[in-house]
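Please open your viewer and have the selection tool ready. We will move through the model stop by stop, and at each one you will find something to pick and something to look for.

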Amino acid sequence: MTAAPRMPAAARAVRAGDRRALARLISQVENRDRSAEPTLRALYPFAGHATIVGLTGPLGVGKSSLVNALLRHLRAQDHTVGVIGVDPSSPFSGGSVLGDRIRIDRDPADSGIFFRSMASRGHAGGLAASTREVTRLLDAFGMDVVLVETAGSGQVDVEVGRVASTNVVVLVPHLGDEVQSLKAGLFEIADIFCVNKADLPGADGAARYLSELAGLTPRSDAWRPKVVQASAVNGTGIEALWSAVEAHESYLKTSGQDRALLRERIRDEVLDLYRDRLLTEATDRLERSPELDALVTAVEERSLDPRSAAERLYRGRSAGRGG
Ligand SMILES: Nc1nc2c(ncn2[C@@H]2O[C@H](COP(=O)(O)OP(=O)(O)OP(=O)(O)O)[C@@H](O)[C@H]2O)c(=O)[nH]1
Ligand SMILES: [Mg+2]
């Protein structure tokens with residue numbers, strides 16, 4: 001490549017297929033290690049080729065089992081696949097509640113698979129940003145497909161769903177509370193509904209119900225979500241599921257939605273990064289200011305309310321900048 005001689009060594013290693021370099025870089029992204037930035041920058045032009053598929057849905061519906069089944073299906077077609085498992089973190093321990101739930105039965109020698117589990121640190125937006133970055137790395141590494149499993153906990157899934165180009169919401173035949181939890185926004189992100197565990201009774205009814213519901217849910221585009229039945233344990237419906245993903249991907253291309261979506265997401269990402277930067281800079285400076293201490297004391301003594309204190313800080317900042 002033209003820029004190769006100037007690329008950081010880690011970026012060259014990732015492009016050359018060095019899995020350890022890739023793993024190290026992913027850890028740096030997770031830890032928000034800013035020293036990785038030149039490498040991420042150098043790798044950016046190499047991403048943009050992978051199909052990114054999100055799989056989400058309530059606990060235990062078989063998302064990981066479907067990831068496994070899709071992995072086998074895709075590897076049989078010679079597609080290389082990256083898998084990211086995103087777990088929500090406990091706000092108390094900062095650790096992972098679910099732990100590493102994806103157990104992939106893979107040939108350890110198969111270089112066409114790369115698996116990574118991520119624990120969330122901080123807010124949903126931060127997790128989505130790291131997931132986006134890791135997805136990009138797997139893309140630049142040369143993976144054809146990246147599957148992202150999230151745990152179906154609401155806000156995290158919706159945020160992470162914005163990383164994928166096709167989102168699969170996984171459900172099971174005995175729909176009940178699951179459908180209630182979809183109100184948290186999952187319904188709007190579903191491009192495909194997969195009724196997994198179709199080996200159990202009630203799958204036809206659930207699929208019919210979802211089709212009706214999908215037809216009634218307003219969308220910003222003309223895609224009508226597909227409903228697929230599958231059984232990850234029996235291996236049925238996996239081809240149909242992947243065909244539905246391909247149908248959605250080709251809809252995105254022929255309708256021009258792919259470019260529109262990409263532009264919109266890039267815009268959001270640039271603005272988010274700018275906002276982060278501003279916020280960090282502004283609050284860092286404030287935390288060291290004696291003015292903050294004085295205001296905290298005033299609020300503590302109830303001679304001032306918190307909102308007015310914030311307002312004074314804000315006005316002081318604007319005045320300081322204005323000269
Ligand atoms: N009968 C039946 N059981 C299934 C099927 N797919 C998965 N299971 C079972 O459902 C349970 C949960 O499967 P997972 O793949 O771990 O589900 P998950 O959605 O990834 O679970 P979490 O990540 O914990 O939310 C396991 O016991 C699976 O064996 C299926 O198609 N049919
Ligand atoms: Mg799982």
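The tour below starts with the whole chain, goes on to the sheet and ends at the ligand.

**Stop 1: the whole protein.** Keep in mind that this is a predicted model. Show everything as a cartoon and colour by secondary structure: the protein has 13 helices and seven strands. If you colour by burial instead, 36% of the 323 residues count as buried. Now think about contacts between residues at least 6 apart in sequence: 73% of them join residues at least 24 apart.

**Stop 2: the sheet.** Hide the helices for a moment and select the strands. In what order do the seven strands of the open sheet lie? Reading across, you should find β3-β2-β4-β1-β5-β6-β7, with parallel pairing. Next, select residues 113-119 (β3) and 226-229 (β7), the two strands at the edges. Each has a single partner strand, so one side of each is left without a neighbour in the sheet. Turn the view to look along the sheet, and you can follow a twist that averages 20° from one strand to the next.

**Stop 3: strand β5.** Select residues 166-171, which make up β5. Are the residues of this strand buried or exposed? Six of its six residues are buried, so to speak a strand that is mostly covered. Show the side chains as sticks: Thr166, Val168 and Val170 point one way, while Asn167, Val169 and Leu171 point the other way.

**Stop 4: the partners of β5.** Add β1, residues 51-56, which runs parallel to β5 and is joined to it by four bridges. Look at Thr56, whose bridge partner in β5 is Val169. Then add β6, residues 192-195, also parallel to β5 and joined to it by four bridges. Here Val169 turns up again, with Phe193 as its bridge partner in β6. Another pair to pick out is Val168 with Ile192 of β6.

**Stop 5: a helix across the sheet.** Bring back helix α10 by selecting residues 238-255. This helix lies across β1, β5, β6 and β7, and it runs at about 165° to β7.

**Stop 6: the ligand.** Finally, centre on ligand 1, which is surrounded by 17 residues. Which of them are the closest? Select Gly62, Lys63, Ser64, Ser65 and Ala232 to see them. Colour the shell by class, and you will find seven nonpolar, six polar and four charged residues.

Definitions and conventions
Residues numbered from 1 in each chain as written. Chains lettered and ligands numbered in written order. Predicted model: local features only at pLDDT ≥ 70, side-chain atom pairs only at ≥ 80, totals over all residues. Near = placed C-beta within 6 Å. Nonpolar A, V, L, I, M, F, W, Y, C, P; charged D, E, K, R; others polar. Buried ≥ 20, exposed ≤ 12 C-beta atoms within 10 Å, placed from the backbone. Contact = placed C-beta atoms within 7 Å. Pairing = 2+ DSSP bridges. Axes fitted to C-alpha atoms, helices over the stretch in contact; angles between N-to-C directions.
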